[in-house]
Amino acid sequence: MTTASEARSEAPSAGRRVPDSAAIHPGPGFRIREDFPRVDAITVAAYREFSTTDISDMLNRLYALDGEIRCLAGPPESISGLACTVRVYLGDNLMVHKALDIAKPGDIVVVAAAGSRAYAVLGDVISTKARHRGIAGYVVDGLIRDLPAITPLDMPVYARGTSAIGPLHRGPGEINYPIACGGVVVNPGDIVVADQAGVVVVPQAVAHELLERLRRYLGTNRAYLTAVQQGEFSNAWVDEQLDAHACPIEPGLDIDPNAPITG
Ligand SMILES: O=C([O-])CC(=O)C(=O)O
Ligand SMILES: [Mg+2]
C-alpha cells in the first residue's frame with residue numbers, strides 16, 4: 001500500500017500548497033447554538049389537538065412544508081415539539097449526530113438537506129440513539145435510510161423518501177440557526193406539528209395567539225362539518241365567485257366534440 005504522495009515520489013509537503021478555500025472555517029456554515037428561548041410545554045402539546053391542515057389554514061396556507069415531506073415511520077398520532085434546527089452540507093450529516101447532544105427531550109430535529117435525493121441524512125442508528133435522548137421525531141428535507149429497521153422503533157420520521165446511500169461525517173453544518181425546510185423558514189424554537197396530513201411550522205412569536213384562534217375556528221368549523229355530513233350546505237358562494245369574474249357558462253349540448261377549438 002502506498003500513499004498518494006509516495007506514488008508520485010514526492011514528500012507530502014512538496015510543491016506549492018493550493019490555498020485551502022475548501023477548509024472548514026469556524027463561523028457561518030460551521031457553528032452550534034446550545035439552546036433557544038422555549039415556549040411552555042403545555043402550549044406545545046396543545047397543538048396536537050389540531051390537524052396540520054387547520055393550522056396551515058390559520059397561517060394563511062404559507063407555513064406547511066412541501067407535501068413530499070411525509071410520514072415514513074412512527075405511530076399514526078400527530079406530534080408537536082420545538083424545532084432543533086440542523087443544516088448539513090450535501091452528502092454529510094456530522095451535525096445530525098451532534099444534534100443528539102443538543103436537542104432537549106421533546107424537541108423535533110428538523111434537518112435542512114436542500115431536498116437532496118442523492119444521499120440519506122439519518123438511519124436506524126441515529127433513530128435508536130434519539131429514542132434514548134427523548135427526541136420526539138425527525139423532519140428531513142431530504143432522504144433517510146434503514147427504514148425497515150426504523151419502523152419498529154416507533155420514532156416519528158418525516159422525509160422525502162429513502163436511499164441506501166449514506167452520508168459522510170465531516171461537516172460543515174449548523175445547529176440552531178434559521179434553516180429553509182420544504183420551502184419554509186424554520187427558526188430554532190418554532191413549534192413543529194406533524195401528522196399523516198403533513199408538516200406545519202408555527203412561528204414561536206404567534207404560538208399562544210394562534211392557539212386561541214384555532215380553538216375559536218374549530219368551534220365554528222365543527223358545526224359547519226356536522227351540517228355538511230347531513231347534506232345541509234349551499235354552493236351559492238361558488239356562483240358569487242364565478243359571477244364576480246363573469247365566468248361564461250354554456251349549456252354544452254350542441255357541441256361537436258370533434259370540432260376544432262376556437263377562441
Ligand atoms: O451513517 C449514518 O450517519 C446514518 C445511518 O446510517 C444511521 O443513523 O443508521
Ligand atoms: Mg445506518
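User: Is asparagine 60 buried or exposed in this model?
Analyst: This is a predicted model, and asparagine 60 sits in the loop between α3 (52-58) and β2 (70-73). Its phi is near 60°, a positive value in a residue other than glycine. A residue with 12 or fewer other C-beta atoms within 10 Å counts as exposed. Because asparagine 60 has 7 such atoms within 10 Å, this residue is exposed.

User: And arginine 61, what does its count of C-beta neighbours make it?
Analyst: Arginine 61 is found in the loop between α3 and β2. Its phi is near 65°, a positive value in a residue other than glycine. There are 10 C-beta neighbours inside 10 Å, so arginine 61 counts as exposed.

User: Let's try a helix: is isoleucine 42 buried or exposed?
Analyst: Isoleucine 42 lies in helix α2 (residues 41-46). Since 8 other C-beta atoms lie within 10 Å, isoleucine 42 is exposed.

User: How far apart in space are isoleucine 42 and alanine 197?
Analyst: Along the sequence, 155 residues separate isoleucine 42 from alanine 197. Taken from C-alpha to C-alpha, their distance in space is 23 Å.

User: Which residues of helix α4 are buried, and why do they lie on the same side?
Analyst: Helix α4 covers residues 94-102, and its buried residues are Met95, Val96 and Ala99. They share a side of α4 because they span an arc of only 100° around the axis. The elements covering these buried residues include β3, β4 (108-112), α5 (124-133) and β9. So the names to remember on that side are Met95, Val96 and Ala99.

User: Which residues touch the most other members of the largest nonpolar core?
Analyst: In soluble globular proteins, nonpolar side chains tend to be buried together. Here the largest nonpolar core has 62 residues, and those touching the most other members are Val86, Val110, Val111 and Val139.

User: Which strand gives the largest share of this core?
Analyst: The largest share amounts to six residues. They come from the strand at residues 79-88, which is β3.

User: Which residues does valine 86 contact, leaving aside neighbours within four places in sequence?
Analyst: Valine 86 is among the core residues that touch the most other members. Its contacts include Met95, Val96 and Ala99, the buried residues of α4. Beyond four places in sequence, the full list is Met95, Val96, Ala99, Val109, Val110, Val111, Ala112, Gly173 and Ile175.

User: Where is the cis peptide bond?
Analyst: Look in the loop between β8 (161-162) and β9 (173-175), where proline 172 is found. The bond has an omega of about -5°. It joins glycine 171 and proline 172.

User: What classes of residue make up the shell around ligand 1?
Analyst: The residues around ligand 1 are Asn93, Leu122, Gly123, Asp124, Val125, Ile126, Arg145, Asp146, Gly166 and Pro167. By class, they are four nonpolar, three polar and three charged.

User: Stepping back, what is the radius of gyration of the chain?
Analyst: The chain has eight helices and 13 strands. Its C-alpha atoms fill a box of roughly 85 × 60 × 35 Å along the principal axes. A compact globule of 263 residues would have a radius of gyration near 18 Å, but the value for this chain is 25 Å.

User: What percentage of contacts with a separation of 6 or more joins residues 24 or more positions apart?
Analyst: As background, 35% of the 263 residues count as buried. Among contacts with a separation of 6 or more, the share from residues 24 or more positions apart is 76%.

How values were computed. Residues are numbered from 1 along each chain as its sequence is written. Chains are lettered from A and ligands numbered from 1 in the order in which they are written. This is a predicted model: local features need pLDDT of at least 70, side-chain atom pairs count only at pLDDT 80 or more; totals for chains, interfaces and linings use all residues. A nonpolar core is a set of buried Ala, Val, Leu, Ile, Met, Phe, Trp, Tyr and Cys residues joined through C-beta atoms within 7 Å. A residue is buried if 20 or more other C-beta atoms lie within 10 Å of its own, exposed if 12 or fewer, and partly exposed in between; C-beta atoms are placed from the backbone. Helices (H or I, at least four residues) and strands (E, at least two) are DSSP runs, numbered from the N terminus. Two residues are in contact if their C-beta atoms, placed from the backbone, lie within 7 Å. A residue is near a molecule or strand if its C-beta atom, placed from the backbone, lies within 6 Å of it. Ala, Val, Leu, Ile, Met, Phe, Trp, Tyr, Cys and Pro count as nonpolar, Asp, Glu, Lys and Arg as charged, and the others, Gly among them, as polar. The radius of gyration is taken over C-alpha atoms; the globule rule is 2.2 Å times the number of residues to the power 0.38. The arc is that of the directions from the helix axis to the C-beta atoms.
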